[in-house]
Each structure stands twice: as C-alpha cells, then as structure tokens.
Amino acid sequence: MSHTVRNRRRLALRASVAALATTVVGAGIGIALSTTEASAATGGVTGFATQNGGTTGGAGGQTVRATTGTAIHAALCNRASSSTPIIIQVEGTINHGNTTKVSGSSCNTAADKIELKEISNVTIIGVGGGAVFDQLGIHIRDSSNIIIQNVTVRNVKKSGSPTSNGGDAIGMESTVRNVWVDHVSLEASGGESAGYDGLFDLKDDVQYVTLSYSTLKNSGRGGLIGSSESDRGNSYITFHHNSYTNIDSRTPLLRGGIAHIYNNSYVSLNESGINSRAGARARIDNNYFKNSKDVIGTFYTSEAGYWQVNGNIFDNVTWSPKGTDTNPAGPNPTSNTSVSIPYSFALDPASCVPDVVSRTAGANKGLQVSDGSCTPTTPTGGPTTPTPTSPRPSSPGPSSPGPTQGGTNLSIGAGSDGSSKADGTSYGNVRDGSMSTYWSPSGTTGSISIKWGSATAITRINIREASGATGYIRNWRVLNGDTGAVLASGTGAGVITFTRTSLKKVTFEITSATGTPRVAEFETYA
C-alpha cells in the first residue's frame with residue numbers, strides 16, 4: 001500500500017468523528033485518567049439492523065477506554081442507567097485472567113464472559129493495536145441497540161478449560177433487538193469434539209441483526225438462527241461481505257424467519273453451508289462458493305426451508321443426492337420462494353466477492369468497505385444513525401437504484417425494440433438518459449430490449465421505473481436476446497446482476513405487474 005493511500009485512510013478515519021473526552025477505566029480499582037483522543041470511525045449501519053427504528057449503539061454517549069474485561073463491565077455498571085448511551089473503546093487482550101463480575105444498578109455482568117444483559121445503547125469497538133477476546137465470548141441477552149465492531153474473538157470453548165459463553169464466540173438470546181456486528185474476526189480451532197460450538201449463534205427471539213465485513217474460520221459450526229425446530233421466532237438477519245473458511249456446517253443454519261445473505265465468500269464448507277429449514281426463507285444473492293459441499297439446501301431434517309437464489313457462483317461445489325432428510329438446492333440451484341427486502345443494498349458482482357472480501361473483512365482492516373467497483377474504500381464516517389429507507393419490492397439488486405451504478409451505461413447510443421407499446425411511448429425512451437420519458441407495454445406485460453451491432457459483454461442491468469409507477473413491475477425475466485436463454489428471473493425492478501454474458505441483444509420481459517409498467521431507463525453495464 002502506498003504512503004499516500006495510507007495517509008488518506010488515516011485522515012478518513014480521523015475526520016469521521018469529533019475528538020471526544022475519553023475515560024480510561026482501571027481494572028476495578030476506580031482510578032481514572034482523562035485524555036483526548038479521536039473515536040474510531042463506525043461507518044454506516046446496513047441490512048436488517050437499519051429497520052425497527054435503526055441501530056445506533058452508544059452514539060452520543062460518553063466514550064471510555066478499557067483494556068480488561070473487568071473494565072468493560074465497570075464501564076457498563078458506572079452508567080446512570082442501563083440505557084444510558086456509551087461507547088467502550090477496547091485495546092489489548094481480554095481474557096479470563098482480567099475479567100471479573102462487576103455489580104451495579106445499570107448492569108448484570110458475569111465473570112466468565114463479556115455480559116451484555118438487560119441493557120441497551122452500547123458500542124464496543126476495538127481501537128489502537130487491536131482488541132482480542134481470547135477464550136472469552138461475548139454474550140448478548142435481553143438487550144437492544146448494540147454495536148460490536150473491529151474486534152477478534154477466538155477459541156471460546158464449551159468444554160475443556162477454560163469454558164465461556166456455551167462455546168459461542170458471539171451469542172445472542174432471549175428478546176434481543178437491533179444488533180450490528182461489523183468487521184469482527186471470529187475463529188475456533190476445531191469442532192464440537194474439541195470443545196467448541198458456534199461462532200455466531202442467535203436463539204430465543206432475536207431480530208433485526210446484521211453481520212457484515214467479518215471473518216469466520218476453522219470451526220465445526222459457523223452459526224445458527226434458532227436453537228431447535230420449534231424456535232422459529234428469530235428473524236430479519238442480514239449477512240453480507242463476510243468470509244467463511246474451513247467451516248463444517250451452519251453458514252448459517254436457519255430455523256424459521258427470514259435471512260438476507262449476499263456478497264459473502266465461502267471456501268471449504270466441508271459438510272454443508274446455508275441450511276434453510278423449519279419454514280425459514282433465505283434470500284441468497286451474489287455469493288461465491290468454492291471447494292465446498294452442499295452449500296445451499298435443507299439438511300439433517302425433514303422439515304423444509306426455502307430459498308431465493310440470484311447471481312451466485314459455484315466453483316468446484318459438490319452436491320449430495322436428495323434423501324429423506326437431505327434436500328440440496330443443487331446441482332442447478334433455483335428459487336423455491338420469493339423474499340422481499342425492505343432496505344436499500346448494493347450488490348458486488350459475485351466474481352468480485354473473493355477479492356473484495358479478502359481486502360475488507362475482519363478486524364484491523366481499517367473498517368474498509370466495498371465501493372461497488374471491485375476495489376475497497378474506506379468509509380466516510382459520520383453518525384451511526386442509518387439513513388431512512390423506503391420499502392421496495394424484492395429484486396436481485398439494490399432496493400433503491402441510484403441514478404448511476406458505476407461504469408458506463410452501455411444503453412446510451414445503442415438500439416432498442418420490444419413488444420407492442422402503449423400510445424405516446426417509445427422504445428428509445430429507455431435509453432435516452434432521461435427519467436421524464438418512458439416505455440410502457442400495451443397492457444401490464446410485455447418486453448423491452450437493448451441491442452448493439454456487435455457482441456457486447458454485460459453483467460448488470462438497472463431497470464428504473466418512472467415517477468408514479470414505482471413498484472408496478474412484479475415478476476420478470478432477463479433473456480439473452482441472441483439465444484433466448486434466461487439470464488435471471490425475480491420480482492421487482494432495480495439492479496439485476498448475472499453471469500457475465502457477451503450478446504448483441506438483452507431483453508427485459510415483464511410477466512406480471514400491479515398496473516401498467518413505465519420503464520424510464522433500461523441501463524446496461526459491463
């Protein structure tokens with residue numbers, strides 16, 4: 001990395017928040033020193049954690065520094081109330097030797113884990129030389145509005161010595177709402193026989209959670225949503241831009257509820273991967289699976305789950321035959337449900353995911369995120385309050401397409417045709433760069449095409465509906481106009497990605513709508 005790039009990243013981090021008065025908390029001895037230091041950037045909350053009022057953590061509260069587990073607990077207990085906002089900056093190694101139970105009216109802590117119980121409005125963020133929770137798990141129970149960012153949690157055991165948190169690196173249970181876990185590194189050193197359980201487990205009524213830009217590796221179990229077939233009240237979980245490496249199963253195991261799983265990299269899933277069962281519905285967009293087995297399906301149960309798949313890449317993936325308790329989605333995965341996503345999101349092409357994730361995911365990566373063009377960028381910072389978004393129909397791309405999607409819109413200057421058009425509309429209106437003109441079919445269904453004089457490689461289109469007709473388009477297909485092959489299918493307008501294809505004509509076919517569609521722009525991108 002060049003000196004200039006490093007300086008830019010440091011400046012972006014420093015400029016993202018104001019300098020705050022920081023309290024350095026002693027390990028249970030009540031001595032504090034005052035210092036001034038810039039708080040670390042927190043980036044923007046994403047996914048389902050933006051819903052249900054949003055997730056802000058300790059924004060606006062006091063900032064304290066902790067170098068022991070006891071100091072973390074003391075910071076929680078020293079608040080005016082259990083809901084008083086607080087940002088806890090953590091540096092150093094947190095382990096059993098420096099973690100004790102602390103008592104107070106605003107906390108409910110324990111000696112064998114970092115306990116976030118019956119509290120709200122808390123941010124825990126690694127700073128300085130890094131924060132490592134060594135053999136000590138983080139437990140969230142009966143709590144809400146929590147952010148955990150830029151920390152490593154490793155080798156948490158449920159058997160052997162020492163034990164912590166039931167063997168979960170991060171675990172949530174019992175009426176937990178709005179948690180954002182971002183840029184963390186979760187790792188074990190084996191499976192259940194070696195004393196480990198899950199890296200990221202959610203059970204007993206956990207909702208509105210996002211796990212983003214994180215690494216999970218070397219574990220028998222990646223994580224679960226729901227502890228049994230009857231524990232189906234856990235829902236609205238987003239997993240994006242995470243790296244799963246050398247995991248036997250559960251990436252995740254989903255029982256009931258809805259999960260959105262996009263732009264993750266999976267390498268060496270040894271037994272199974274995304275296991276949707278017991279009525280669960282998973283939206284699985286633009287992920288990259290490599291050297292793995294049974295990466296999507298319902299496994300180890302006869303109680304079916306469901307999935308919507310769009311734009312994923314399967315690189316050396318093997319599939320088991322279907323059995324009484326095994327229902328793999330492959331070898332040619334197709335959707336068996338439709339999942340509507342209520343928030344805006346931007347998809348990286350699946351082919352870019354391994355590179356983007358390797359550069360950005362995990363602790364101590366400078367909180368870098370994808371900039372949407374296959375190269376990472378540092379977040380601009382700002383408040384952690386999410387930008388309000390409006391629900392839109394489901395689509396395999398961002399729910400709210402912006403005016404541009406990066407790169408050159410190849411439709412400008414191309415040709416266009418389609419099925420019969422409504423009076424006063426034109427095929428050319430979808431490629432004129434103007435949102436004030438549009439094409440409509442003569443009824444509620446029809447097709448519109450972009451065409452070129454020579455073969456053109458594209459991997460992404462953006463269907464933008466005109467004002468007053470947003471949400472009219474429901475079911476659709478994208479066709480290779482040269483061969484008739486279906487490149488993608490789904491519900492709702494927006495950005496649609498598919499395997500890079502060289503063609504002279506691409507067709508967007510509307511098969512159902514709630515009114516007469518108005519396609520203002522049919523953008524195409526390489």
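H183 is buried in this predicted model, with a relative accessible area of just 1%. You'll find H183 in the loop that runs between β11 (176-182) and β12 (185-190). Its backbone is a bit unusual too: phi is positive, about 50 degrees, and H183 is not a glycine.

N263 tells a similar story. Here phi is near 55 degrees, again a positive value in a residue other than glycine. N263 sits in the loop between β20 (258-262) and β21 (265-269), and at 0% relative accessibility it counts as buried.

Two prolines are worth a look while we're on backbone geometry. The peptide bond from S161 to P162 is cis, with omega near -10 degrees. P162 belongs to the loop between β9 (152-154) and β10 (170-173). The other case is the bond joining G330 and P331, also cis, where omega is about 15 degrees. P331 is in the loop between β28 (326-328) and α3 (353-360).

Here are the four backbone angles side by side.

| Site | Angle | Value |
|---|---|---|
| H183 | phi | about 50 degrees |
| N263 | phi | near 55 degrees |
| S161 to P162 | omega | near -10 degrees |
| G330 to P331 | omega | about 15 degrees |

**The chain as a whole**

How many helices and strands does the protein chain have? There are three helices and 36 strands. Of the 526 residues in the chain, 56% are buried. Now take the contacts in the chain with a separation of 6 or more: 71% of them are between residues 24 or more positions apart. The accessible surface of the chain comes to about 19,200 Å², and carbon and sulfur atoms account for 47% of that area.

**The cores**

The largest nonpolar core has 67 residues, and those with the most contacts inside it are I88, F133, M172 and F200. Helix α2 (residues 69-77) gives the most to this core, with five residues. Is α2 mostly covered or mostly exposed? It is mostly covered: nine of its nine residues are buried. The buried residues of α2 include polar ones such as T70 and H73, alongside I72, A74, L76 and C77.

F200 is a good place to click if you want to see this core from the inside. Leaving out neighbours within four places in sequence, F200 is in contact with I170, M172, V181, L186, V209, L211, L216, G222, G223, L224 and F239. M172 shows up there as a partner of F200, and M172 is also among the residues with the most contacts inside the core.

Apart from that core lies another, of 23 residues, among them I450, I458, F508 and F522. T524 gives a handy view of the region around I450 and I458, since T524 touches both. Its other contacts, not counting residues up to four places away in sequence, are T408, N409, L410, S411, W452, R460, I461 and V506. T524 is found in strand β36 (residues 519-525) and is buried, with a relative accessible area of 0%. Along the chain T524 and V506 are 18 residues apart, and their C-alpha atoms are separated by 9.0 Å.

**A partly exposed glutamate**

E303 is partly exposed, with a relative accessible area of 33%. E303 is placed in the loop between β25 (296-299) and β26. Which residues does E303 contact, leaving aside its neighbours within four places in sequence? They are E229, R232, R277, A278 and T298. E229 and E303 are 74 residues apart in sequence, yet their C-alpha atoms are 8.0 Å apart in space.

**The second largest pocket**

The strand that follows the E303 loop, β26, also turns up in the lining of the second largest pocket. About 650 Å³ of space lies in this pocket. The elements giving two or more residues to its lining are β26 (306-310), β34 (486-491) and β35 (494-510). β34 gives the most, with six residues.

In total, 24 residues line the pocket, and V309, G311, P333, L487 and A488 lie nearest its centre. What is the make-up of the lining by class? It has eight nonpolar residues, 16 polar ones and no charged ones.

Notes
Residues are numbered from 1 along each chain as its sequence is written. This is a predicted model: local features need pLDDT of at least 70, side-chain atom pairs count only at pLDDT 80 or more; totals for chains, interfaces and linings use all residues. Side-chain values use heavy atoms; hydrogens and water are left out. On a 1 Å grid over the protein atoms alone, a cavity is a set of points where a 1.4 Å probe fits but cannot get out, and a pocket is an open set with protein on both sides within 12 Å along at least five of seven lines; lining residues have an atom within 4 Å of a point. Grid points are joined across faces, edges and corners, and a volume is the space filled by probe spheres set on the points. Helices (H or I, at least four residues) and strands (E, at least two) are DSSP runs, numbered from the N terminus. A nonpolar core is a set of buried Ala, Val, Leu, Ile, Met, Phe, Trp, Tyr and Cys residues joined through side-chain atoms within 4.5 Å. Buried means under 20% relative accessible area, exposed over 50%, partly exposed in between (1.4 Å probe, protein chains only). Contact means heavy atoms within 4.5 Å. Accessible areas come from the Shrake-Rupley method with a 1.4 Å probe; for residues, only the protein chains shown count as cover.
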